[in-house]
Amino acid sequence: MRTAIAALFVASTLAAGTANAQYAPFNEAGVTMGHWHLASRDAEANKKIFVGMGGQPVAGNAQSLLFPGMRINLTLGNMAGNGGSQGSVVNHVGFIVNNVQERVAQWKAAGVTVLPGGNGRLDQAYVETPDGVRMEILEDKTQTVPIRNEHIHLSLTEAEIPKAQAWYAKTFGGKAGTRNNAPVVDLPGVQIRFAKANAKQAPTLGRVLDHIGFDVKDHPAFVKKLEADGIKLDQPARTNPQGGNTTTYITDPWGTRIEIVQRAPLGPQVKA
């Protein structure tokens, strides 16, 4: 019976995801949240977790899934990341759900291992992949979807936090603010949060959560802005001849690798 309920939950969530797994609208700087990119040590194990949580597999790409607000890419070529998110500058990432206890029960029935919230909190939980990508689960009972992307939590030394908040707000056109008296930057589809670390954390490059990605409306114009601000590209921009997406990478001053993507427009709708 529990298996049947879990299967129904996943099916209904995926059906809802079909309608809701789009990105947030671009802000005035032409930026929206895009993706997390994992170099999974076991892509199938990670895929089972994300599907169990409501991820929608991408048609034609067995190693990508969609959630409302972003995409997760499970593999990075043949690379297997070395090290989980904790210990790196991106300490963890986060989803928000409409009811933590209901979602936790359904995920467990679907075979997902869920860790409890801190200090007995019932509106918080954690999920961690076997290779160490830590995800915080928080609650918003007013939202209309079971789960959506919510935040990326950077771990920095105290003196660097105001610099990082200013950098993300300026670079991506975000809105600086506070949440629970802690600094944040709000961007379409995601909130960048900052927590104090006692020491400098490792860069994300080469770890299981290798990089995060933002989508942009006009790639050449955005790259021009980056270069005017003194931000160097990790590699020249290139357009994929197969999919048509244009991409490049930058690394923030604290070691977060960031992909900048302009996605090719979808072709005309095919009518039956």
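**Exercise 1.** How many bridges join β14 to β15, and in which sense do the two strands run? Follow the chain onward from there into β16.

*Solution.* The structure is a predicted model, and every step below is read from that model.

Step 1. The strands β14 and β15 run antiparallel and are joined by 3 bridges. Within this pairing, Arg 238 is found opposite Thr 247 of β15.

Step 2. Between β14 and β15 lie 6 residues, and the two strands form a hairpin. In its turn, Gly 244 adopts a positive phi of about 85°.

Step 3. The pairing of β15 with β16 (residues 257–262) is also described as antiparallel, over 6 bridges. Here Thr 247 faces Val 261 of β16.

Step 4. A hairpin is formed by β15 and β16 too, with 5 residues between them. Gly 255, in that turn, has a positive phi of about 110°.

Step 5. Strand β15 spans residues 246–251, and 5 of its 6 residues are buried, so that the strand is mostly covered.

**Exercise 2.** Determine the order of the strands in the open sheet, and identify which strands stand at its edges.

*Solution.*

Step 1. The sheet is open and consists of 8 strands, arranged as β2-β3-β4-β1-β13-β16-β15-β14, with mixed pairing.

Step 2. The edges are occupied by β2 (56–58) and β14 (235–239); each has a single partner strand, so one side of each lacks a neighbour in the sheet.

Step 3. On average, neighbouring strands of this sheet are turned by 30° against each other, when direction is ignored.

Step 4. As an example of one pairing, β3 (residues 61–67) and β4 (residues 70–73) are antiparallel over 4 bridges. Phe 67 stands opposite Met 70 in β4.

Step 5. Helix α2 (residues 43–52) lies across β1, β2, β3 and β4, and runs at about 30° to β3.

**Exercise 3.** Describe the surroundings of Gly 213 and decide whether this residue is buried or exposed.

*Solution.*

Step 1. Gly 213 belongs to strand β13, which covers residues 209–216.

Step 2. A residue counts as buried when its relative accessible area is under 20%. The value for Gly 213 is 0%, and therefore Gly 213 is buried.

Step 3. When neighbours within four places in sequence are left aside, the contacts of Gly 213 are Met 33, Gly 34, His 35 and Glu 259.

Step 4. Gly 34 is 179 residues away from Gly 213 along the chain, yet their C-alpha atoms are separated by 5.1 Å.

Step 5. For the chain as a whole, among contacts with a separation of 6 or more, 67% involve residues 24 or more positions apart.

**Exercise 4.** Which residues of helix α3 are buried, and why do they line one face of the helix?

*Solution.*

Step 1. Helix α3 comprises residues 100–109, and its buried residues are Val 100, Arg 103, Val 104 and Trp 107.

Step 2. Viewed down the axis of α3, these buried residues fall within an arc of 100°, and they therefore line one face of the helix.

Step 3. The general principle is that an α-helix has 3.6 residues a turn, so residues three or four places apart point the same way.

Step 4. Consider next the two ends of the helix. At the start of α3, a side-chain oxygen of Asn 99 comes within 3.2 Å of the backbone nitrogen of Gln 101. Just after α3, Gly 111 has a positive phi of about 95°.

Conventions: Residues numbered from 1 in each chain as written. Predicted model: local features only at pLDDT ≥ 70, side-chain atom pairs only at ≥ 80, totals over all residues. Heavy atoms only, no water. Buried < 20%, exposed > 50% of the residue type's maximum accessible area, 1.4 Å probe, protein only. Arc of directions from axis to C-beta. Polar contact = N/O pair within 3.5 Å; in protein donor to acceptor, adjacent residues only side chain to side chain. Contact = heavy atoms within 4.5 Å. Pairing = 2+ DSSP bridges. Axes fitted to C-alpha atoms, helices over the stretch in contact; angles between N-to-C directions.
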